[in-house]
Amino acid sequence: MKKNIIEEKTINDINYEQLKKLFPHAVSIDENGKYVIDSQKLQMSLDPSLAEIREDGYGLNWVGKKEAYHRAFSKNYKVLKPLNDDVNSKNWDSTENILIKGDNLDALKILRHNYFEAVKMIYIDPPYNTKNDGFVYNDNFTSSTEQTLEELGYDKEYIDYIENIQGAKTHSGWLSFMYPRLLLSRDLLKDDGVIFISIDDNEVAQLRLLCDEVFGEENFIAQIMPIVNPGGRDYNQIAVTHEYILIYGFSDEVELNEISKQIEFKLFDNKGGFELRDLRNRNPKFHSGNRPNLFYPIYVNPNLHDEYGSCAISLTKDANYSVEIKPYNSSQKESVWRWGTKKLQENIVKDKPELSQVVAKKKKDGGWTISEKNRRMTTKVKSIWDETEMRTEEGTRLIRRLFNSTPFDHPKPLDLLKRIIEIGSNQNDLILDFFAGSGTTAHAVMDLNAKDGGNRKFICVQWAEETPEKSEARKAGYETIFDITKERIKRAGEKIVQGDLTKQDLDIGFRTFEVVEDQKQCIYQKSLETVTQEDLLECMSKPRIETNEEILYNLFVAENLPLSTKYETLIENKLFLAQNVAFVMGDITSKELVDALRSHKECEYITVYSPNISNDSFTLESESNISKIGMKPDRLRFRG
């Protein structure tokens, strides 16, 4: 097909769009539809130490912002240790679900490698920054905090303040906690991905501004108000009954699903009942400038109508179809149609409005509405969720039934998460929650899959925060919040499939990984002059990866393979195959390598873990020999 040159995007438009995708907070569109670049915000993204940003005011700038940005993208020295025993994991060999034990900032840095733009939906319930919250900062810098802050260009007077706000109940402290996590989470979302964030009045204003910067103000979708306590929390002057859920998309490709509804149709034709739905797209961002294919005239025959008064339409004008309608809103500003001309034409039966799926209806003010005959038994979710099942007490009742106690205070209701997942994802999508808490998100994923036959997968991250000494959780034997998360997922999955033979194939398992220090990096971060015996002893005392299997899963991260990847042993302790990558983990000859891979046509890459290879000539021999199985030398990679 020939392209319409007039409607083609220019190279500049394409470049600006790419910049906006990478740096949404630094690129905006003015009232004339022109792209505008904020050079300082762009510099902040590329190198925060060179950005000239005032941090003594309040807004999108706060004391510690550059340090928080640096924290998101500073080098990571943590790795994943698989916990594949029955105590920590369930159905390791078959499950595609992942549970990670550790600080979520470390986990997000790791996941960014192999789940980049792979997650359809994120839900998080972060600390609300109330007097009861105790969120924790972990520094991963290769130098001291003070040195890092000096490198970022902070004045001496700010350094002590920044160190003191870590963990403090201040807006700056909370923003510095959330900023790097949101920056990293954005990189995990697919082009049509969406994030839901629960919050309350303490930080909702700050969170909205922060998300505008991270995801782009134009990608704000909605602010939901769940009624979590209809009686109201009466310790303030006004009894607060609600919380908030902020929803942001990665781009304008996001389309939330509708939910089922009960409806009695009042209009009928030969295909059954229907209701009329405006064909005009109500998104205020769209107009003829950015959606030219959706801006066109439709012509109405006002004298030809069905029994309900709906008139026939056409894409061409003639003596009968003489009334021209274009997609303008009530303020006479441009919008667009939801359908292009091809789809519209397919749904029109010439001169027969009773058979057409799109018709025109005259309004009381004399204007016209172009409407689709909508037969869907679904509806958009409303901005206030006041159903009983959305209340916090429902979450408490459910966890009490699962545990015969209440080891976790104020868990999110199961139906709240099920609705979020239902509108934010589809049946085969990946869902991430990096503030997993009691594990409601994982529970909701499994429950929805059981009800609709879906194959959604979850990744949940929870820090091993200690439970209070005299709490109900500690009395029940749960020393950390992570212990509760893990046990909740186990019990919930077993309850879902209990006694139901139709659900026996449901994935109710999970692979557990723990974020641990990379022992080598503990030493490599310091110069030889500063390493002490105490440093060595401290590193030796920490959990570490040692076995080939433990190393293998971290190589999966490096090679962008999901943590749920299964592998095949080709040569015991030496050669493994996972998807299209072969992993050399021990001393073998290049001939053994080639012979083992000759029958595996799916193998496209070879990764060699260098620390386990003692044969110096293996590299040169392998590069020349892999050509025998049709593989180029650039497909051979050395790591470690």
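**Reasoning through a predicted model**

Me: Where along the chain does Glu307 lie, and between which strands?
Reply: In this predicted model, Glu307 belongs to the loop that links strand E13 (298-305) with strand E14 (311-314).

Me: Why is Glu307 called exposed?
Reply: The relative accessible area of Glu307 is 71%, and the label exposed requires a value over 50%, so Glu307 is exposed. Across the sequence, 47 residues separate Glu307 from Glu354, yet their C-alpha atoms are 7.9 Å apart in space.

Me: What makes E13 and E14 a pair, and in which sense do they run?
Reply: Pairing asks for at least two bridges between the strands, and E13 and E14 are joined by four, running antiparallel; they therefore count as a pair. Within that pairing, Asn301 faces Ala312 of E14. The two strands make a hairpin with five residues between them, and Gly309 in the turn takes a positive phi of about 90°.

Me: How do you know how many disulfides the structure has?
Reply: The whole structure was searched, and zero disulfides were found. The criterion is a pair of cysteine sulfur atoms within 2.5 Å, and the search returned zero such pairs. In general terms, a disulfide is a covalent bond joining the sulfur atoms of two cysteines.

Me: Why is Cys311 counted as buried, and why is Cys460?
Reply: The limit for buried is under 20% relative accessible area. Cys311 has 3% relative accessibility, so it is counted as buried, and Cys460 has 0%, so it is counted as buried as well. Over the chain of 640 residues, 48% fall into the buried class.

Me: Which residues have the most contacts inside the largest nonpolar core?
Reply: That core holds 63 residues, and those with the most contacts inside it are Ile100, Leu182, Leu432, Leu563 and Phe583. Helix H7 (residues 171-188) supplies the largest share of this core, nine residues. For Leu432, leaving aside residues up to four places away in sequence, the partners touched are Leu108, Leu111, Val119, Met121, Ile122, Tyr123, Leu188 and Ile459. A second core, separate from the one just described, has 45 residues, including Ile245, Phe403, Ile431 and Leu448.

Me: In which order do the five strands of the open sheet follow one another?
Reply: The order is E24-E25-E26-E27-E28, with mixed pairing.

Me: What makes strand E24 (568-571) and strand E28 (636-639) edge strands?
Reply: Each of these two strands pairs on one side only. From one strand to the next, the twist averages 25°.

Me: How do you know that the pairing in this sheet is mixed?
Reply: The senses of the individual pairs bear this out: E24 and E25 run antiparallel and are joined by three bridges, E25 and E26 are likewise antiparallel, with four bridges, whereas strand E27 (residues 605-609) and E28 pair in the parallel sense over four bridges. In every one of these pairs the bridge count meets the requirement of at least two. Individual partners can be named too: Thr569 stands opposite Phe576 in E25, Ala578 has Val581 of E26 as its bridge partner, and Thr607 is opposite Arg637 in E28.

Me: What joins E24 to E25 in sequence, and E25 to E26?
Reply: E24 and E25 form a hairpin with three residues between them, where Asn573 in the turn has a positive phi of about 65°. E25 and E26 form a hairpin with two residues between them, where Gln579 in the turn has a positive phi of about 55°.

Me: What makes both faces of E25 covered?
Reply: Leu575 and Leu577 on one side, and Phe576 and Ala578 on the other, are all buried.

Me: Which helices lie across or pack on the sheet?
Reply: Helix H18 (residues 590-597) lies across E24, strand E25 (575-578), strand E26 (581-584) and E27, at about 135° to E24. Helix H19 (residues 618-625) packs on the sheet as well, where it touches E26, E27 and E28, and its direction makes about 155° with that of E28.

Me: Where does pLDDT stay under 50?
Reply: The mean pLDDT of the chain is 86, with 84% of residues at 70 or more. Values stay under 50 over residues 1-7, which have two contacts beyond four places in sequence, and also over residues 137-143, for which there are 26 such contacts.

Conventions: Residues numbered from 1 in each chain as written. Predicted model: local features only at pLDDT ≥ 70, side-chain atom pairs only at ≥ 80, totals over all residues. Heavy atoms only, no water. pLDDT = per-residue confidence, 0-100. Contact = heavy atoms within 4.5 Å. Buried < 20%, exposed > 50% of the residue type's maximum accessible area, 1.4 Å probe, protein only. Core = buried A, V, L, I, M, F, W, Y, C linked by side-chain atoms within 4.5 Å. Axes fitted to C-alpha atoms, helices over the stretch in contact; angles between N-to-C directions.
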